[in-house]
Amino acid sequence: METEMPISRRFMRKGYAAIAVIVTLICVIPYVGVVIAAGSGSFDTLDMLAETVLGRYVATTLILVVLVMGGSAMIGTGAAWLVTMTDFPGRRWLEIALALPLAFPAYVLAYGYTQVLDHPGIVQSTLRDVTGWGPRDYWFPEIRSIGGAAMMLTLVLYPYVYLLARAAFTAQGASTFLAARVLGRTPFQAFFSVSLPMARPAIASGVMLVAMETIADFGTVAYFGVQTFAVGIYTSWFTMADRAAAAQLALGLLSFALLLAMLERLSRGGAKYANGRRNAPMKRITLTPTQRIVACVFCLIPVMLGVILPVAALGTMAVGSEQDLLSPRYLGFIRNSLTLASIAAFVTVIAALVLGTFHRVQANRLTAASLYLARIGYAVPGGVIAVGLLVPFAAFDNTLDAWMRATFDISTGLLFTGSIWLLIFAYLIRFLAAAIGAYEGGIATVGPNMDAAARTLGQDMPGLVRRVHMPLLRTSLLTAGLIVFVDVMKELPATLIMRPFNYDTLAVQAYRLASDERLEGAAVPSLVIAAIGLIPVILLCRRIGSGRA
């Protein structure tokens with residue numbers, strides 16, 4: 001019996017190591033698959049694209065990224081400083097409401113605003129009725145443009161900057177700001193010279209997250225007809241039926257995404273600022289009546305544009321859509337969406353728990369590299385992951401089927417590419433970073449002495465996880481599961497490319513109806529997606545509200 005325990009512990013440790021290795025390999029497969037597929041195929045289509053639209057893909061993607069980064073940085077940083085450092089009417093509920101747009105996919109806002117602002121929409125129709133103008137008698141901003149896409153993405157992505165900047169401003173000590181005030185700085189001069197530089201690493205991290213989400217977006221740019229790399233990958237895969245060209249475009253987008261991931265890592269690790277001790281409560285800046293109104297309006301506009309107006313527009317559209325949510329067809333969409341999201345959330349949280357625990361118990365370069373590779377997926381667009389998984393697994397399926405036919409006269413069909421499990425792998429790779437982040441946020445509160453005490457009492461690694469970590473991390477793991485669940489519900493490009501035949505989700509149904517210009521019908525699944533997305537955001541807002549000053 002004395003020798004059985006060490007052997008079983010070594011066996012369980014090897015089991016955790018094996019699972020960690022498998023998860024890491026799954027995360028690496030799409031990157032290797034994209035590189036191999038891009039180098040092994042013909043470059044004819046890519047040459048043709050280079051002569052026609054490739055330059056437009058590059059320029060449009062870069063312009064869109066710059067616009068969304070700038071808009072998100074301005075709104076997120078400005079709103080965070082106002083709700084943290086000043087006082088104005090409605091501040092308490094606005095500091096919570098400013099995070100709500102995070103629940104909405106950008107393509108949902110695109111459907112709502114198109115119905116309102118497009119040529120046949122209510123705004124332009126009313127304008128023509130009131131003035132008697134014809135279609136060519138006036139100029140109106142085009143919603144289906146790169147500017148419109150940038151606006152939609154900014155309205156749903158600025159909360160990344162807002163939440164991180166707000167946390168940074170809240171953590172700053174009062175002494176540094178007061179010192180700047182004593183030296184004759186006005187409140188706004190102190191903001192630019194002291195508060196903003198100290199919060200720069202957090203703001204930079206938020207802006208890099210915004211850039212990653214921007215290059216990964218497909219639904220918004222595809223609906224607005226904006227030619228980006230994400231649209232080019234989908235067009236090459238489906239319209240041109242050229243997987244090599246899709247892989248070559250995916251490789252270019254992957255390189256850009258990895259560059260952004262490295263920049264985000266440098267922004268967190270390369271710039272560190274001391275916060276100082278908050279030994280005196282930070283007094284909120286007293287604003288003049290005019291400044292109070294300006295501050296309130298500045299914070300209210302993104303909430304109005306990002307939540308209230310889209311929900312009102314989509315709700316009005318849904319009433320007359322004649323879409324029945326209780327019909328067997330829609331219940332099937334809901335069931336498919338919930339099935340994929342639930343399985344993906346469970347698998348992703350378990351993978352994050354295994355990787356995180358293995359690194360905590362046996363920290364070395366290999367486990368650190370495994371965690372780094374697992375995090376990269378968040379920077380990689382869903383379309384790139386889909387291409388990187390489909391190419392090697394389709395080759396495997398075809399090879400196995402040919403061998404089985406030749407040897408046993410049996411057809412195995414598409415074992416991987418025809419099932420939902422490859423799609424689950426794509427979700428795992430795409431959203432594992434979010435689950436790892438939630439795990440690390442919770443495990444940071446568990447001191448190493450607890451692990452040592454558990455080992456002293458005879459607990460092996462599974463016992464440590466089951467009896468110590470999981471009870472203490474219940475809230476963090478639940479948060480991770482909810483985040484992944486909602487992200488999967490909203491995810492479009494990977495689902496659109498990889499879903500099994502006749503296995504549609506709410507996101508796919510909304511995209512299909514919108515592509516057919518049936519916006520009233522697209523409003524129904526869009527509202528369901530947004531309603532589900534509000535769950536983790538509301539939980540996050542409750543945490544914000546409980547910690548506010």
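Two residues are in contact when heavy atoms of each lie within 4.5 Å. In the predicted model described here, residues 24 or more positions apart account for 82% of those contacts in the protein chain that have a separation of 6 or more. The secondary structure consists of 24 helices and zero strands. Of the 549 residues in the chain, 52% are buried. The accessible surface of the chain amounts to about 25200 Å², and carbon and sulfur atoms contribute 66% of that area.

Contacts between separate parts of the chain are illustrated by Trp237. This residue is located in helix 12 (residues 229-239). Its relative accessible area is 9%, and because the limit for burial is under 20%, Trp237 is classed as buried. When neighbours within four places in sequence are left aside, Trp237 contacts Asp242, Arg243, Ala246, Val387, Leu390, Val391 and Ile497. One of these partners, Val387, is 150 residues away from Trp237 along the chain, yet the C-alpha atoms of the two residues are separated by 8.5 Å.

Salt bridges were examined next. The structure contains eight of them. In one, the side chains of Arg166 and Glu95 meet with an N to O distance of 3.0 Å. Arg166 belongs to helix 7 (residues 146-171) and Glu95 to helix 4 (residues 91-97), and the pair thereby links distant parts of the chain, 71 residues apart. Arg166 counts as buried at 11% relative accessibility, and Glu95 likewise counts as buried, at 1%. A further salt bridge joins the side chains of Glu213 and Arg430, at 3.8 Å from N to O. Glu213 is part of helix 10 (residues 200-216) whereas Arg430 is part of helix 18, so this pair ties together parts that lie 217 residues apart in sequence. Glu213 and Arg430 are both buried.

The side chains of Asp504 and Arg499 also form a salt bridge, with an N to O distance of 2.8 Å. Asp504 has a relative accessible area of 7% and is buried. In addition, Asp118, Arg144 and Glu517 are joined into one network by salt bridges that share partners. Glu517 is also notable for its backbone: its phi is positive, at about 65°, although the residue is not a glycine. Glu517 is found in the loop between helix 23 (506-515) and helix 24 (519-546), and is partly exposed, with a relative accessible area of 44%. A positive phi, near 55°, is likewise found at Asp409, again a residue other than glycine. Asp409 is situated in the loop between helix 17 and helix 18 and counts as exposed, at 68% relative accessibility.

Aromatic side chains were then considered. A pair of aromatic rings is described by the distance of the centres and the angle of the planes. A search of the whole structure yields eleven aromatic pairs. For Tyr330 and Phe333, the ring centres are 5.5 Å apart and the planes meet at 80°, so the arrangement is edge-to-face. These two residues are three positions apart in helix 15 (residues 328-361), a separation of about one helical turn. Both Tyr330 and Phe333 are buried. The pair of Phe396 and Phe416 is edge-to-face as well, with 5.7 Å between the centres and 65° between the planes. Phe396 is in helix 17 (residues 382-408) and Phe416 is in the loop between helix 17 and helix 18 (421-443), so the pair ties together parts 20 residues apart in sequence. Phe396 is partly exposed, with a relative accessible area of 42%, and Phe416 is partly exposed at 28%. Elsewhere, ring pairs link Tyr107, Tyr111, Tyr223 and Phe224 into a cluster.

On the surface, a nonpolar patch of about 450 Å² is made by Leu259, Met262, Leu263, Leu266 and Tyr372. Helix 13 (residues 243-269) supplies the largest share of the patch, namely four residues. Met262 has its place in helix 13 and counts as partly exposed, at 43% relative accessibility.

Notes:
Residues are numbered from 1 along each chain as its sequence is written. This is a predicted model: local features need pLDDT of at least 70, side-chain atom pairs count only at pLDDT 80 or more; totals for chains, interfaces and linings use all residues. Side-chain values use heavy atoms; hydrogens and water are left out. Buried means under 20% relative accessible area, exposed over 50%, partly exposed in between (1.4 Å probe, protein chains only). Accessible areas come from the Shrake-Rupley method with a 1.4 Å probe; for residues, only the protein chains shown count as cover. Rings of Phe, Tyr and Trp (its six-membered ring) pair if their centres lie within 6.5 Å; planes under 30 degrees apart count as stacked, over 60 as edge-to-face and the rest as tilted. Patches are made of residues with over 30% relative accessible area and no salt bridge: like charges are joined within 9 Å, nonpolar side chains (Val, Leu, Ile, Met, Phe, Trp, Tyr) within 5 Å. A salt bridge is a side-chain nitrogen of Lys or Arg within 4 Å of a carboxyl oxygen of Asp or Glu.
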